[in-house]
Amino acid sequence: MKNPAREKFLPMLSPYVDGELTPEERQQVDQHLQNNKESAAQVADFRAGDGLMRNALDLQADDVDWKKFTEDVMARVTPEKLPLFERLKLTLSEMFLYQRGPMVAGLVGAAAAVAIAIPLTMSLVGQAPVGYGAGRVEVQTVSVDTEATVKPVVFETESGDAVIWVVDAPEKKDGGRKKGGGSDEEDIAPVPPTDEPKQQDL
Amino acid sequence: MTTLLRRTVLFAVTALASVAFADGAVAVQADVVFASTAKGTVDPSLEKMQQTLGAKVKYLTLEKRSSQKLTVDATPVTVALPNGKSASVSLEHLKGGVATLRVKLPPADATYSLAKDKAFYLQGGAHEGGDLWLVLSQPK
């Protein structure tokens, strides 16, 4: 004798066991199972079958050696490591292919830095600072104000220093002039080559 | 223009500007020294000056009254002296690695060329019973 309710719920029993029904459908099946022992027994059979199958699969999985599983998989997906030169070549070619602008700009900047740094370094190491290329101080011109009653006395020492004294010259009427130039040599202080000044200058 | 390229250009301009500045200015150590024949103390750093000037005057007192490092270019730099005078120092030219400076310390007006580790002494007038000297040399 056919049971219409069982006929209706029979297709829903397996999804019920698998948890695939909506809450409303599940509630309806629960009520049906309380009133129909045949369906309840079938659900029990389904659950028992699931348990047996799960145990069987677990047993099979335990028999497999998983130790080298990761290594085997990675060995298949990771390509063989290239030699260093090949890797560098590949990296450079990719950089020039995909980042040509920044790479060219970087190389130009590096070349400019080297071109500037080398002369600067050469000039700083072991050489005189800017402007101090001479071996001794040389007084080129010396003069005093035209109305001044003093005159300059220059002497350059053997060690390379230079000294300018300003001494009284009551008879002086015009200023000094370029060292070694002009005709009024009495107004121009002599420049002795040694440390010894001429006594008449003082 | 990428950021890297902009930075590269900026770096190059800055570096070239510093090189250009180096060619147009020189560093000078400017010391103002009080010297007297009266017995006193001689600054140890001025013993060489005492020896240099000793050929003419035996200074027994040498004291630094001011000391400053100047960056000298064509624009005159002023150095004040304690006797009210002031010196102006400017760069006349820089040729072949040798700079020529013009020093005006009234009433004197002189031009001279710099030399490595050498000094230029210019008498700056009387002060407190002694003399003031302007000493220009290579900065240490």
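**Polar contacts.** I began with the polar contacts between chain B and chain A in this predicted model. I found 21 residue pairs in polar contact between the two chains, counting pairs in which both residues have pLDDT 80 or more.

**Elements on the chain B side.** I next looked up which elements of chain B supply at least two residues each to the side that touches chain A. I noted two helices, α1 (3-24) and α2 (47-53). I also noted the strands β1 (26-36), β5 (98-105), β6 (108-115), β7 (119-127) and β8 (130-137). With nine residues, α1(B) gives the most to this side.

**Residue character.** I sorted the chain B residues that touch chain A by class and obtained 32 nonpolar, nine polar and five charged.

**Salt bridge.** I then turned to charged pairs across the interface and recorded one salt bridge between chain B and chain A. Asp161(A) and Lys48(B) form a salt bridge, and I read 2.3 Å between their closest N and O atoms.

**Strand pairing.** I checked how strand β3 (residues 162-168) of chain A is joined to β7(B) and found three bridges, with the strands running parallel. Within β7(B), I identified Tyr121(B) as the bridge partner of Val163(A).

**Extent of the interface.** I closed with the totals for the two chains. I recorded 44 residues of chain A in contact with 46 residues of chain B. For the area buried between the chains I noted about 3500 Å². Carbon and sulfur atoms give 64% of that area.

Terms used: Residues are numbered from 1 along each chain as its sequence is written. Chains are lettered from A and ligands numbered from 1 in the order in which they are written. This is a predicted model: local features need pLDDT of at least 70, side-chain atom pairs count only at pLDDT 80 or more; totals for chains, interfaces and linings use all residues. Side-chain values use heavy atoms; hydrogens and water are left out. Contact means heavy atoms within 4.5 Å. Buried area is the accessible area (1.4 Å probe) that two parts lose on being put together, summed over both. A salt bridge is a side-chain nitrogen of Lys or Arg within 4 Å of a carboxyl oxygen of Asp or Glu. A polar contact is a pair of N or O atoms within 3.5 Å; within protein, one must be able to donate a hydrogen and the other to accept it, and residues adjacent in sequence count only if both atoms are side-chain atoms. Helices (H or I, at least four residues) and strands (E, at least two) are DSSP runs, numbered from the N terminus. Ala, Val, Leu, Ile, Met, Phe, Trp, Tyr, Cys and Pro count as nonpolar, Asp, Glu, Lys and Arg as charged, and the others, Gly among them, as polar. Two strands pair if DSSP finds at least two bridges between them.
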